[in-house]
Amino acid sequence: MTVPATTLESFSRLHEDVRHGDFLDCFSVRLRNPAPLTETTQRIFIDLPVWIRGLLLVRDVAITPLGLKTTAGLPSNTTFRDELLVGDAVGFLCVRELSDDEIILGEEDAHLDFKISVHRTPSDPQMIGLATWVRCKNRFGRVYLKTITPFHKRIVKSRLSAVAGSRRSHREIR
């Protein structure tokens, strides 16, 4: 399935954070079976495929000597819930903001801050977008971002493709 790059929806709260020099990308897909945004968000970030977990492990091993946060060191929750609240962990990401059409997750570290928006188009609830905003704090942050960007794009497209092509909701599988 093709997962095209798109522009960030005008209603997204990420617009409040974006400044010149920041990284921002956005990809969108049409869901085969619409689901609540909380469920879609959890399906993107929970039960990651082995190859993504492997990349995260390599990342964690590489950055541990640098004193940066690892995924293992972040609060984590891989339990599917009917409701999400600000402060909840979804996988290893923390929910920062919630609205009917957007869930923003994110983390701050010494080298960069990032937020991820999972959003749906209000006029077309089957269209789901995932936008990533990053602000680098120093030279290491810029080198790190440049290094991981190709992997980031592949992971985002893979997760959106998996969610879009799913025939059943997680509730039906349980």
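Leaving aside neighbours within four places in sequence, Gln42 is in contact with Thr79, Phe80, Arg81, Leu84 and Val90, where contact means heavy atoms within 4.5 Å. The model is a predicted one, in which local features need pLDDT of at least 70 and side-chain atom pairs count only at pLDDT 80 or more, while totals for chains, interfaces and linings use all residues. Residues are numbered from 1 along each chain as its sequence is written, and side-chain values use heavy atoms, with hydrogens and water left out.

**Gln42 and helix α1**

Gln42 has its place in helix α1; helices (H or I, at least four residues) and strands (E, at least two) are DSSP runs, numbered from the N terminus. With a relative accessible area of 0%, Gln42 is buried, a word that stands for under 20% relative accessible area, whereas exposed stands for over 50% and partly exposed for what lies in between (1.4 Å probe, protein chains only). A polar atom of the Gln42 side chain lies 3.1 Å from the backbone oxygen of Thr38. The helix around Gln42 is mostly covered, since 9 of the 9 residues of α1 are buried, among them Leu37, Glu39, Arg43 and Phe45. After α1 comes Asp47, whose phi is positive, near 60 degrees.

**Arg81 and the salt bridges**

Arg81, one of the contacts of Gln42, is found in the loop between α2 (50-63) and β2 (89-90). Arg81 counts as buried because its relative accessibility is 19%. Not counting residues up to four places away in sequence, Arg81 touches Gln42, Ile46, Asp88, Ala89 and Val90, and its side chain reaches the backbone oxygen of Ala89 at 2.8 Å.

The structure holds 9 salt bridges, each being a side-chain nitrogen of Lys or Arg within 4 Å of a carboxyl oxygen of Asp or Glu. Side chains of opposite charge can pair when their charged atoms come close. Three of these pairs are set out below, with the distance from N to O.

| Basic residue | Acidic residue | Distance, N to O |
|---|---|---|
| Lys115 | Asp17 | 3.0 Å |
| Arg81 | Asp88 | 3.8 Å |
| Arg120 | Asp101 | 3.2 Å |

The bridge between Arg120 and Asp101 ties together parts that are 19 residues apart in sequence, because Arg120 lies in strand β5 and Asp101 in the loop between β3 (93-99) and β4 (102-108). Arg120 counts as buried, at 18% relative accessibility, whereas Asp101 is partly exposed, with a relative accessible area of 22%. Salt bridges that share partners also join Arg13, Glu16 and Glu97 into one network.

Turning to the remaining pair in the table, Lys115 forms its salt bridge with Asp17. Lys115 lies in strand β5 (residues 112-121) and Asp17 in the segment before β1 (23-30), so this pair ties together parts that are 98 residues apart in sequence. Both Lys115 and Asp17 are buried.

**The nonpolar cores**

In soluble globular proteins, nonpolar side chains tend to be buried together. A nonpolar core is here a set of buried Ala, Val, Leu, Ile, Met, Phe, Trp, Tyr and Cys residues joined through side-chain atoms within 4.5 Å. The largest core has 31 residues, and those with the most contacts inside it are Ile44, Phe45, Val90, Leu105, Val118, Leu130 and Leu160. The elements that give two or more residues to this core are β1, α1 (37-45), β3, β4, β5, β6 (124-136) and α3 (139-165), and α3 gives the most, with 6 residues.

Val118, again without its neighbours within four places in sequence, is in contact with residues including Leu37, Thr41, Ile44, Phe45, Asp101, Leu105, Ile128 and Leu130. A second, separate core of 6 residues includes Leu14, Cys26, Ile104 and Trp133.

**At the surface**

Leu85, Val86 and Leu98 form a nonpolar patch on the surface, with about 260 Å² of accessible area together. Such a patch is made of residues with over 30% relative accessible area and no salt bridge, nonpolar side chains (Val, Leu, Ile, Met, Phe, Trp, Tyr) being joined within 5 Å and like charges within 9 Å; accessible areas come from the Shrake-Rupley method with a 1.4 Å probe, and for residues only the protein chains shown count as cover. Leu85 is found in the loop between α2 and β2 and is partly exposed, with a relative accessible area of 46%.

Val61, in helix α2, counts as exposed at 56% relative accessibility. Val61 and Pro36 are 25 residues apart in sequence and, C-alpha to C-alpha, 35 Å apart in space.

How values were computed
A polar contact is a pair of N or O atoms within 3.5 Å; within protein, one must be able to donate a hydrogen and the other to accept it, and residues adjacent in sequence count only if both atoms are side-chain atoms.
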